[in-house]
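This report is meant for someone meeting the structure for the first time. It moves from single positions to salt bridges, then to the nonpolar interior and the charged surface.

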Amino acid sequence: MDLHLRDRSVIVLAGTSGLGLGAAESLVKEGATVTVCSRDGQRLDDALRHLESIDGGDVRAVRCDITDRKQIGRLIEETVESVGGIDHIVASTGGVPPGGLDELDDRDWYQAYDLLMMSLVWTIDAAKAYLIESPGGSITVITSTSVREPIVGLTLSNAVRRGVIGLVKSAARELAPDVRVNAVLPSAFDTPRIQELIDNAVESGTHPDEETAMADWIDDIPLNRLGRPTELGDMIAVLTSDRAGFVTGACLPVDGGRLRS
Ligand SMILES: NC(=O)c1ccc[n+]([C@@H]2O[C@H](COP(=O)([O-])OP(=O)(O)OC[C@H]3O[C@@H](n4cnc5c(N)ncnc54)[C@H](OP(=O)(O)O)[C@@H]3O)[C@@H](O)[C@H]2O)c1
């Protein structure tokens, strides 16, 4: 199926690793002009080299910390200047610290809010006019199955991401009919983030070793394995494209069956 994404301009926030990079990979394969951003220079170089090695669209990598409103504004304006517009946004983020209420302080809460919620608020604000101008503009937000069924030990994610879904649902109505806004809900995918959570589980003593911690994630997934980032990326490419032209305000699990409801 042709997704008609050739030469469409897509920004992938936090797109140099894991799920963001998987989305960028799927979009480049569809011929889109993809701008990925993140903070670390080496990660940006590696992602650029990797994406350029894939047959398909053009790629740019731009340094941007998505917890800084000014840097998001610059990313949007520079993308418009160099590519000519913005048709789609795919919004990933970094992960927030694991832990329960007793392990988190105010700073953790405010930082998680800036990273997960305000980054999206600032991006919508800066990009809205260009997305409205585009025929078939869309925003696809990467969240987590934690928005539907909280995950033990990930209190920040469980709490703040629910607010992100409220923002997705509100923006879908406010930006309709010009821009579609959707969320995907991944379970556990094979990325550096899941390894970070496994290392943390072993360090904090909730699991005796890596194997047990990994088994805990996988046992909760009926398809009995971690997802591959491009399996999420391919779903994001469809949601991003006009092929999903009647889909907005949707929260789509891509979870190997983890969610029970
Ligand atoms: N992997 C999973 O199984 C899974 C499941 C459900 C939800 N999630 C969530 O999905 C998101 C992505 O996860 P992932 O597995 O792709 O993580 P990852 O592999 O660790 O990648 C995180 C990406 O975010 C970038 N980043 C972090 N902070 C940033 C900032 N302030 N500004 C700009 N870029 C930033 C990182 O690059 P720099 O360090 O260079 O900035 C990196 O490219 C996370 O919120 C995670 O909690 C993941």
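Arg228 is partly exposed, since its relative accessible area is 47%, and in this predicted model the residue is placed in the loop between α7 and α8. Along the chain Arg228 and Gly18 are 210 residues apart, yet their C-alpha atoms are separated by 9.1 Å. A second pair can be set beside this one, and it involves Asp40, a residue in the loop between β2 (33-38) and α2 (41-52). Asp40 and Ile86 are 46 residues apart in sequence, and the distance from C-alpha to C-alpha is 23 Å. Asp40 itself counts as partly exposed, because its relative accessibility is 37%.

**Backbone features**

Most residues other than glycine have a negative phi, and most peptide bonds are trans. Against that background, three places in the backbone deserve a look. His4, in the segment before β1 (9-13), has a phi near 55°, which is a positive value in a residue other than glycine. The relative accessible area of His4 is 47%, so this residue is partly exposed. Asn224 also has a positive phi, near 65°, and is likewise a residue other than glycine. Asn224 lies in the loop between α7 and α8 (229-240), and with a relative accessible area of 53% Asn224 is exposed. The third place is a peptide bond: Ala176 and Pro177 are joined in the cis form, with an omega of about 5°. Pro177 belongs to the loop between α5 (155-175) and β6 (179-186).

**Salt bridges**

How many salt bridges does a search of the whole structure find? The search finds 9, and the table sets out some of them, with the distance given from N to O.

| Residue pair | N to O distance |
|---|---|
| Arg8 and Asp87 | 3.7 Å |
| Lys29 and Glu25 | 3.7 Å |
| Arg225 and Glu231 | 2.8 Å |

The salt bridge between the side chains of Arg8 and Asp87 links distant parts of the chain, for Arg8 is in the segment before β1 and Asp87 is in the loop between α3 and β4, 79 residues apart. Both Arg8 and Asp87 are buried.

The salt bridge between Lys29 and Glu25 has another setting. Lys29 and Glu25 are separated by about one helical turn, because they are 4 residues apart in helix α1 (residues 18-29). Is Glu25 buried or exposed? With a relative accessible area of 16%, Glu25 falls under the 20% limit and is therefore buried, whereas Lys29, at 46%, is partly exposed.

In the salt bridge of Arg225 and Glu231, Arg225 counts as partly exposed at 33% relative accessibility, and Glu231 counts as partly exposed at 26%. Beyond these pairs, Asp220, Arg258 and Arg260 are linked in a network of salt bridges.

**The nonpolar core**

Turning to the interior, the largest nonpolar core has 41 residues, and the members that touch the most other members are Leu13, Ile89, Leu120, Ile139 and Val181. Which elements give two or more residues to this core? They are β1, α3 (69-83), β4 (88-91), α4 (106-133), β5 (137-142), α5 and β6, and of these α4 gives the most, with 10 residues.

**A negative patch on the surface**

On the surface, Asp199, Glu203, Glu210 and Glu211 form a negative patch. Two or more residues of the negative patch come from each of the helices α6 (192-203) and α7 (210-219). One of the patch residues, Glu210, is found in helix α7. Glu210 is partly exposed, because its relative accessible area of 39% lies between the limits of 20% and 50%. A residue needs over 30% relative accessible area to enter a patch, and the 39% of Glu210 can be read with that cut-off in mind.

How values were computed: Residues numbered from 1 in each chain as written. Predicted model: local features only at pLDDT ≥ 70, side-chain atom pairs only at ≥ 80, totals over all residues. Heavy atoms only, no water. Patch = residues over 30% accessible without salt bridge, like charges linked within 9 Å, V, L, I, M, F, W, Y side chains within 5 Å. Areas by Shrake-Rupley, 256 points an atom, 1.4 Å probe, with all protein chains shown as cover. Salt bridge = Lys/Arg side-chain N within 4 Å of Asp/Glu carboxyl O. Lys, Arg positive; Asp, Glu negative; His and termini not counted. Charge placed at Lys NZ, Arg CZ, Asp CG, Glu CD. Buried < 20%, exposed > 50% of the residue type's maximum accessible area, 1.4 Å probe, protein only. Core = buried A, V, L, I, M, F, W, Y, C linked by side-chain atoms within 4.5 Å.
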